[in-house]
Amino acid sequence: MHHWVKASSSDFTGTPPQPRSGHTAVNVGKSMVVVFGGLVDKKFLNDIIVYDIENKLWFEPECTGSVSEGKVGPTPRAFHVAITIDCHMFIFGGRSGGKRLGDFWVLDTDIWQWSELTSFGDLPTPRDFSAAAAIGNQKIVLCGGWDGKKWLSDVYVMDTMSLEWMELSVSGSLPPPRCGHTATMVEKRLLVFGGRGGGGPIMGDLWALKGLIDEERETPGWTQLKLPGQAPSARCGHTVTSGGHYLLLFGGHGTGGWLSRYDVYYNDTIILDRVTAQWKRLPISNDEPPPPRAYHTMTSIGARHLLIGGFDGKSTFGDLWWLVPEDDPIAKRSSVPQLGNPPETKESEGELDTQERGQEGSTIAELQKKMGISVSSRLRLQIPEESEDQEFVELGTRLIEGDLVNQSSIVQMAALALRQHRKESTPETLQLKELSSLLRDYQRLISRKYTAQSNLTSADFGKKTFTFYHIKNSSELRMDDISKLLEEYKTLLI
């Protein structure tokens, strides 16, 4: 079991990074995390913020070295790549305004000195939203991205000693061109997941590239991996972080399936178990998770993971969150729900606006106990009545215009009309923007139907399975969950 805990001022000293997205945050050994660049309010950044792990201190070093546009260091940018090898942080590409960048920089974190590198060989074209990883302690592999005109599928290997780039000639089938994906070295293979592809579709495929280790003398080649388990939904702008025997995927954004004009931002946490080669949902306590987001960073600090910033389609985040195992000293610290940054899609609109209603606490807790759901004593699922659920009433009222009598009957008639409408709906006709309202009504009906029976036993309840009762936010749902949610909802209307 893991816990999300919002970072507090007691966790460190100094000034943490300002709000940003599209930045990078990389580990330098086990001593520090270095944050560079990003974007906030259309302003591109080139600052360096460092977290000293041992001293729990944020600081901004005074850097020297190469100059660009009259200032030390690279030009401001976002959606670049950053890779560390020993004490050196390498920066390539990104975007500044509407311009894609193709410059190559290194920061020596021992002396905080920037150097712009003049490399040679097969130079990558300027690009943003690319992905890169270190190969051992000398080389960097770079793949894909967006050059402003087309999505890319090329692969380059750069030797940091000779500063020579080489475009990798790959035989066989190739992954579709993409940007906003992740690239992670796992032993001898590069794993690439997700991204936005040519023409705009967002992907959820996983590919492995061999032939990157010289000693193996393998012919470079891609293999698409179709692993069992609860695979992540298609997304881009997510992060994949190494966590020992597993890879941890968090966040990102996708499209709303049949309503492709809607972006859906995620805050789910999924692991790829390297031992069993399976996707799994990371067990998370019922504490409030971070709001959904993309283009954030996640870095490993011992057994903890640190989440910094991101973007939800409307707001840029400046919050920091810890993901910690249950034996961590801060695991039981209550996280304060985020109220100010709803996703642009409005999928979670109203979910955090309901006031705490103590008189219902015991019945909801009783139901959750019967369902075997772990519940924080400080944070319980809040389910408003129909009359308090403004979105629910508005959706239902649209179906009964002209038949209104008085305020009390409006709510009753709206509820009947909307539930009948949903009873006749299919996953294909259900609008994505209705999901928050549907999820709340599903939870409301479960709570009302099963807690009203005072003599209900756990065995009686066990005959029914309600998969999504514990979900706090509709953005946690995957697209393939919707049909099952609607199916279970309809059983409650019988």
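This is a dialogue on how to read some features of a predicted model.

Biologist: Before any detail, what is the mean pLDDT of the protein?

Modeller: The model is predicted, and its mean pLDDT is 83, with 83% of the residues at 70 or more. Two stretches fall below 50. Residues 402-406 are one of them, and beyond near neighbours in sequence they have 3 contacts in the model. Residues 454-462 also have a pLDDT below 50, with 10 contacts beyond near neighbours in sequence.

Biologist: How many helices and strands does the protein have?

Modeller: There are 6 helices and 32 strands. Of the 494 residues, 56% count as buried. The exposed area is about 22000 Å², and carbon and sulfur atoms supply 50% of it. As for contacts with a separation of 6 or more, 60% of them are between residues 24 or more positions apart.

Biologist: How do I read a sheet? Take the one with strand 12; what is the order of its strands?

Modeller: The order is 7-13-12-11-10, which makes an open sheet of 5 strands with mixed pairing. Strand 7 (64-65) and strand 10 (81-85) are at the edges; each has a single partner strand, so one side of each lacks a neighbour in the sheet. Within the sheet, strand 12 (residues 99-108) and strand 13 (residues 113-116) run antiparallel and are joined by 4 bridges. To find the register, look at Val 106, which stands opposite Ser 115 of strand 13.

Biologist: Turning to strand 20, is it buried or exposed?

Modeller: Strand 20 (residues 182-186) has 5 of its 5 residues buried, so the rest of the structure largely encloses it. Check the two faces separately: Thr 182, Thr 184 and Val 186 are buried on one side, and Ala 183 and Met 185 are buried on the other.

Biologist: Which strand pairs with strand 20 over 5 bridges?

Modeller: Strand 21 (residues 189-197) does, in the antiparallel sense. Strands 20 and 21 form a hairpin with 2 residues between them. Val 186 stands opposite Arg 189 of strand 21. In the turn, Glu 187 has a positive phi of about 55 degrees.

Biologist: Now the aromatic side chains. What describes a pair of rings?

Modeller: A pair of aromatic rings is described by the distance of the centres and the angle of the planes. This structure holds 18 aromatic pairs. In one of them, Phe 12 and Tyr 51 are edge-to-face, at 5.9 Å centre to centre with 75 degrees between the planes. Phe 12 is in the loop between strand 1 (2-6) and strand 2 (13-14), while Tyr 51 is in strand 5 (residues 43-52), so the pair ties together parts that are 39 residues apart in sequence. Both Phe 12 and Tyr 51 are buried.

Biologist: What kind of pair do Trp 146 and Trp 151 form?

Modeller: A tilted one: the centres are 4.6 Å apart and the planes are at 50 degrees. Trp 146 is buried, with a relative accessible area of 17%, whereas Trp 151 is partly exposed at 23%. The cut-off for buried is under 20%. Ring pairs can also link up, and here they join Phe 90, Phe 92, Phe 104, Tyr 156 and Trp 165 into a cluster.

Biologist: Why is there no bond between the sulfurs of Cys 179 and Cys 236?

Modeller: A disulfide is a covalent bond between the sulfur atoms of two cysteines. The rule used here asks for sulfur atoms within 2.5 Å. The closest cysteine sulfur to that of Cys 179 is in Cys 236, at 6.7 Å, which is too far for a bond. Seen from Cys 236, the closest cysteine sulfur is that of Cys 179. The count by this rule is 0 disulfides. Cys 179 is buried at 8% relative accessibility, and Cys 236 is buried at 1%.

Biologist: One last residue: where does Pro 228 lie?

Modeller: Pro 228 is in the loop between strand 23 (221-225) and strand 24 (239-242). Its relative accessible area is 45%, and Pro 228 counts as partly exposed.

Biologist: Which residues does Pro 228 touch, not counting those up to four places away in sequence?

Modeller: Pro 228 touches Ala 277, Gln 278 and Trp 279. Sequence distance and spatial distance should be read together: Pro 228 and Trp 279 are 51 residues apart in sequence, but their C-alpha atoms are 6.3 Å apart.

How values were computed
Residues are numbered from 1 along each chain as its sequence is written. This is a predicted model: local features need pLDDT of at least 70, side-chain atom pairs count only at pLDDT 80 or more; totals for chains, interfaces and linings use all residues. Side-chain values use heavy atoms; hydrogens and water are left out. Buried means under 20% relative accessible area, exposed over 50%, partly exposed in between (1.4 Å probe, protein chains only). Contact means heavy atoms within 4.5 Å. Accessible areas come from the Shrake-Rupley method with a 1.4 Å probe; for residues, only the protein chains shown count as cover. Two strands pair if DSSP finds at least two bridges between them. pLDDT is the predictor's confidence in each residue, from 0 to 100. Rings of Phe, Tyr and Trp (its six-membered ring) pair if their centres lie within 6.5 Å; planes under 30 degrees apart count as stacked, over 60 as edge-to-face and the rest as tilted.
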